[in-house]
Amino acid sequence: TIHPVILSGGSGTRLWPVSRHLYPKQLLPLIGDNSMLADTALRVGESTRFAAPTVICNEEHRFLVAEELRKVQAHTGTPPGSIILEPFGRNTAPAAAVAALQLAERDPNALLLLLPSDHVIADTQAFLRAIDRAANAAANGWLVTFGMTPTRPETGYGYIRQGTALDAGDGCYQVAEFVEKPDQATAARYLADGGYAWNSGMFLLPVRTLLSELERLQPDALTAARSAVAHAQEDLDFLRLDAGSFEAAPSISIDHAVMEHTDRAAVVPAEIGWSDVGSWASLWEIADKDADGNAISGDVVTQDARNCLLRSEQHLLAAIGVEDLVVIAQDDAVLVVPRDRAQDVGAFAKTLRAEQ
Ligand code: GDD
Ligand code: MG
């Protein structure tokens with residue numbers, strides 16, 4: 001079996017003002033009826049392939065996360081997952097280290113399926129097939145990534161250059177180069193080159209290789225994680241990491257910490273209807289739109305508006321003669337931003353929080 005570990009520590013600042021520190025985007029029903037966290041858990045809710053999921057999140061979100069897992073469990077009838085609480089975020093490498101250490105105690109040969117909770121995957125069957133294709137390589141010690149076909153020079157993603165095919169012959173390739181969040185010119189060059197895929201942010205990782213690569217490449221993160229697990233406390237259904245220990249962990253992503261440097265990375269190119277719901281622009285891309293290209297939710301009227309994302313919870317929002325605009329009206333905040341500047345919302349939301 002494969003052990004899914006769902007990362008739910010991000011606060012999704014680029015989706016401000018809907019996504020808030022205490023109510024981050026992965027816990028909101030932004031697309032459809034479920035939260036993205038619930039959808040993520042549902043995708044791996046099939047007990048023949050997968051063990052019950054572990055969610056690793058900030059302690060502030062513990063009850064919201066527990067509630068989402070309860071909903072999933074009611075739906076799948078599988079055993080409940082477990083929830084590991086971080087006292088504060090240290091990005092994804094320490095979180096992955098914690099999950100890997102916990103799993104290794106039970107089964108040193110375990111395969112860990114690291115999953116972000118902020119994605120939409122339209123084709124679950126294709127997603128499951130991609131995991132099946134990755135399993136062989138992972139069992140042979142490869143850190144397997146999933147390669148998505150790039151469609152624009154996005155700078156918010158990792159880029160993977162596909163190398164030679166692995167022996168097993170199940171559509172798995174060595175990673176020739178992994179570049180996390182390149183600048184605009186580099187991303188444009190990769191796109192023109194054609195030999196690159198986007199990193200989906202999902203990984204199928206043999207716990208043994210992950211731990212040995214962390215030991216080699218990011219020993220401080222591993223040491224802090226080990227101590228945080230050793231001194232963790234059980235609290236109701238939660239495992240609370242030791243704050244004093246975890247504090248020493250450097251804040252670094254798994255991509256920067258491991259994937260950019262390891263020579264044990266492999267990639268499975270996959271068409272799974274993947275999209276990252278990273279910003280209002282990407283939400284617009286995947287949303288249902290009217291004949292004028294407007295994605296609308298709530299109390300909104302338009303006249304000669306085109307290709308806008310318009311959401312209003314409590315107020316009537318009227319958009320007239322505007323194009324390529326994002327307007328998000330909440331009770332206590334209104335965001336107006338051109339769609340092609342949607343990336344800037346995150347930095348702004350962070351300054352707001354710093355000022356409060
Ligand atoms: N537990 C925990 N703790 N989870 C975290 C933390 C943390 O400190 N920080 C982030 N996460 C969660 C987020 O909630 C998200 O589900 C996932 O980890 C990935 O983090 P992001 O911050 O969203 O990463 P990213 O989008 O900038 O980049 C990653 O995903 C891209 C695809 O969406 C990278 O893997 C890129 O290479 C990739 O292209
Ligand atoms: Mg993300």
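**Reading the shell around ligand 1**

By class, six nonpolar, twelve polar and seven charged residues form the shell around ligand 1.

User: What do nonpolar, charged and polar cover here?
Analyst: Ala, Val, Leu, Ile, Met, Phe, Trp, Tyr, Cys and Pro count as nonpolar; Asp, Glu, Lys and Arg are charged; the others, Gly among them, are polar. This is a predicted model, where local features need pLDDT of at least 70 and side-chain atom pairs count only at pLDDT 80 or more. Residues are numbered from 1 along each chain, and ligands are numbered from 1 in the order in which they are written.

User: How many residues surround ligand 1, and which are the closest?
Analyst: A residue is near a molecule if one of its heavy atoms lies within 4 Å of it. Here 25 residues surround ligand 1. The closest are Glu180, Lys181, Asn199, Asp255 and Asp276.

User: Which elements supply at least two residues of the shell?
Analyst: Helices (H or I, at least four residues) and strands (E, at least two) are DSSP runs, numbered from the N terminus. Strand 1 (2-8), helix 3 (92-106), strand 9 (196-206) and strand 13 (274-276) each do so. Strand 9 gives the largest share, three residues.

User: Where does the backbone make polar contacts with ligand 1?
Analyst: A polar contact with a ligand is a pair of N or O atoms within 3.5 Å. A backbone N or O atom of Asn91 lies 2.9 Å from an oxygen atom of ligand 1. For Gly158, that distance is also 2.9 Å. The protein buries 88% of the 740 Å² that ligand 1 exposes when taken alone, by the Shrake-Rupley method with a 1.4 Å probe.

Technical notes:
Heavy atoms only, no water. Polar contact = N/O pair within 3.5 Å; in protein donor to acceptor, adjacent residues only side chain to side chain.
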